[in-house]
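Here are a few exercises to work through with the structure open in your viewer. Try each task before you read its solution.

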Amino acid sequence: MPAEAQPATLPRLPERETVLHSWCVQSEWHAPTIVGGEGARLFTADGRSILDMSSLAECSNLGHQHPRVIAAIRAQAGKLCFVTSAWGAEPRAELAALLLERSGFTGGRVFFTLGGTDANEHAVKFARAASGKPRGWIVTRDRSYHGASYAAMALSGDARTSAQSDPEALRVLHVPPPYAYRCPFGTDTDAACGEAAARRIATLIGERGAANVAAVLMEPNAGTNGIVAPDSFWPALRRATQTAGVYLIADEVMSAFGRCGEWFAWQRYGEEARPDLMTLAKGLTGAHLPLGAVVLSSRIARLLEPQMLYTGLTYCGHPLSCAAGVAALQSYFEEDLIERSRKLGAAMLVELRRMQQRHATIGDVRGGQGLFAVLELVRDRATREPLARWPQQHPALGELLRKALREGVSFAARGNLLLIAPPLVIAERELADALALLDRLLGELTAAVGGTHP
């Protein structure tokens, strides 16, 4: 074809005009384009380096472009990209074995999903099937997040999506959270709040009848809701569900793989606190490829094995994703990242509490068992008046995020909360510099909103 007859190349439209982005107003989306990354840093198309203090969606636990994971993906792609779960796949078998080994779910099984939302939905399916309660109630809590499909929105106690779902129609019951800073039970201590929250669940199971309740689904620690349950909560909840004969599902989508200083957050409370099922995603591959999982106890696995499993996903147990998962677990272990998260998280918590003494707008600091902490910002520390009504965000907090980004650091916030969750591979100097920047910016925010000490 003569050159003059070739069709003209149309200019490429920018992403903000072609993509529907999640969890934002489309006209307000103006994010930079990321073209690369290394360690805890992201590289933009305009040549900037940005320190990631949120692990993006609290999922890049291994940082960005981890060499071992990238090499594993390349090697697997050269051998086999895809086969359905109707056929065996070596990386799928290896990853399942590793997960059962690390979690201590000896004799259990693993069901692989595409992410956290469908992991939670399948955990509910399995709990109902194993208990013989196909319409058994599922107890979850307010101010929780388990995903954004219709079923997962019903499971979640999320104000942003509550109008889109009908929990009761999907046999879901919500209870108040173990939110010690604003305890819904009116207790005076963190421990008392955790115990009261567990008692409320036990009471609800009794009211509905244990024969009609299939499972309790809860986050053991970290979540984007910003509530970190007191140490008294999970052990008391485990005892309550065992007494009632109701399964306990741990949503570990965000809290696993070192984020909270353990392989899995429930392990902080010992073997007696082991759930019956747990759901995983995010750090499972360090977010290098999409993958979720449900890990089932041996008891539940035995109950399901003779049943027809009426569920599935075309890409469940995708070989490429599973190969990334195997490499991720090897990296956590061989680089001692679980212990590193615990050590750096403790040091980070000390510094954040020092900031609390300097800035009146920091009402509460929680977390710190690993590289995850929450700052709850208030207008008045004595009354605990929030900066803005939940889940709205005060303009001053939005300005803090913009200032930080201009200085090359990306922080995450939700409502009145700052969520600090850097990759577990972050350099100590990088972490210290980011916290120093946050300290300065919080001083400016406090001056802007006129925060007061008690």
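**Exercise 1: a salt bridge and its cover**

Arg 160 is partly exposed, because its relative accessibility is 34%. Keep in mind that the model is a predicted one.

Task: find which residue forms a salt bridge with Arg 160, and decide whether that partner is buried or exposed.

Solution.
- Step 1: the partner is Asp 158, and the closest N and O atoms of the pair are 2.7 Å apart.
- Step 2: Asp 158 has a relative accessibility of 4%. The cut-off for buried is under 20%, so Asp 158 counts as buried.

**Exercise 2: across the sequence, or within a helix**

Task: place the salt bridges Arg 109–Glu 305 and Glu 399–Arg 402 on the secondary structure. Which parts does the Arg 109–Glu 305 pair tie together?

Solution.
- Step 1: start with Arg 109 and Glu 305, whose side chains meet at 2.8 Å, N to O.
- Step 2: Arg 109 sits in strand β4 (residues 109-113), while Glu 305 is in the loop between α8 (298-304) and α9 (319-334), so this salt bridge ties together parts that are 196 residues apart in sequence.
- Step 3: check the cover. Arg 109 is partly exposed at 48% relative accessible area, and Glu 305 is partly exposed at 36%.
- Step 4: now take Glu 399 and Arg 402, with a distance of 3.2 Å, N to O. Both belong to helix α11 (residues 395-406) and are three residues apart, about one turn of the helix.
- Step 5: Glu 399 is partly exposed at 28%, and Arg 402 is partly exposed at 46%.
- Step 6: look for shared partners too. Arg 182, Asp 364, Arg 366 and Glu 376 are joined into one network this way. A search of the whole structure gives 27 salt bridges.

**Exercise 3: reading a sheet**

Task: work out the strand order of the open four-stranded sheet. Why is one side of β1 and of β14 left without a neighbour in the sheet?

Solution.
- Step 1: the order is β1-β2-β3-β14, and the pairing is mixed.
- Step 2: β1 (34-38) and β14 (409-410) are at the edges and have a single partner strand each, so one side of each has no neighbour in the sheet.
- Step 3: zoom in on β2 (residues 41-44) and β3 (residues 49-52), which pair in the antiparallel sense over three bridges. Here Phe 43 stands opposite Ser 49 in β3.

**Exercise 4: nonpolar residues, inside and out**

Task: say which helix gives the largest share of the largest nonpolar core, then find which residues form a nonpolar patch on the surface with about 270 Å² of accessible area together.

Solution.
- Step 1: the largest core has 90 residues, and Met 53, Leu 99, Trp 234, Phe 257, Phe 411, Leu 418 and Leu 438 touch the most other members. Helix α12 (residues 428-449) supplies the largest share of this core, nine residues.
- Step 2: follow Met 53 outward. Beyond its neighbours within four places in sequence, its contacts include Val 409, Phe 411, Leu 419, Ile 426, Leu 431 and Leu 435.
- Step 3: there is also a second, separate core of 21 residues, with Val 172, Ala 214, Leu 277 and Val 294 among them.
- Step 4: on the surface, the patch consists of Phe 82, Leu 114 and Tyr 315. Phe 82 is in the loop between α2 (67-79) and α3 (90-103), and counts as partly exposed at 33% relative accessibility.

Key: Residues are numbered from 1 along each chain as its sequence is written. This is a predicted model: local features need pLDDT of at least 70, side-chain atom pairs count only at pLDDT 80 or more; totals for chains, interfaces and linings use all residues. Side-chain values use heavy atoms; hydrogens and water are left out. A nonpolar core is a set of buried Ala, Val, Leu, Ile, Met, Phe, Trp, Tyr and Cys residues joined through side-chain atoms within 4.5 Å. Buried means under 20% relative accessible area, exposed over 50%, partly exposed in between (1.4 Å probe, protein chains only). Helices (H or I, at least four residues) and strands (E, at least two) are DSSP runs, numbered from the N terminus. Contact means heavy atoms within 4.5 Å. Patches are made of residues with over 30% relative accessible area and no salt bridge: like charges are joined within 9 Å, nonpolar side chains (Val, Leu, Ile, Met, Phe, Trp, Tyr) within 5 Å. Accessible areas come from the Shrake-Rupley method with a 1.4 Å probe; for residues, only the protein chains shown count as cover. A salt bridge is a side-chain nitrogen of Lys or Arg within 4 Å of a carboxyl oxygen of Asp or Glu. Two strands pair if DSSP finds at least two bridges between them.
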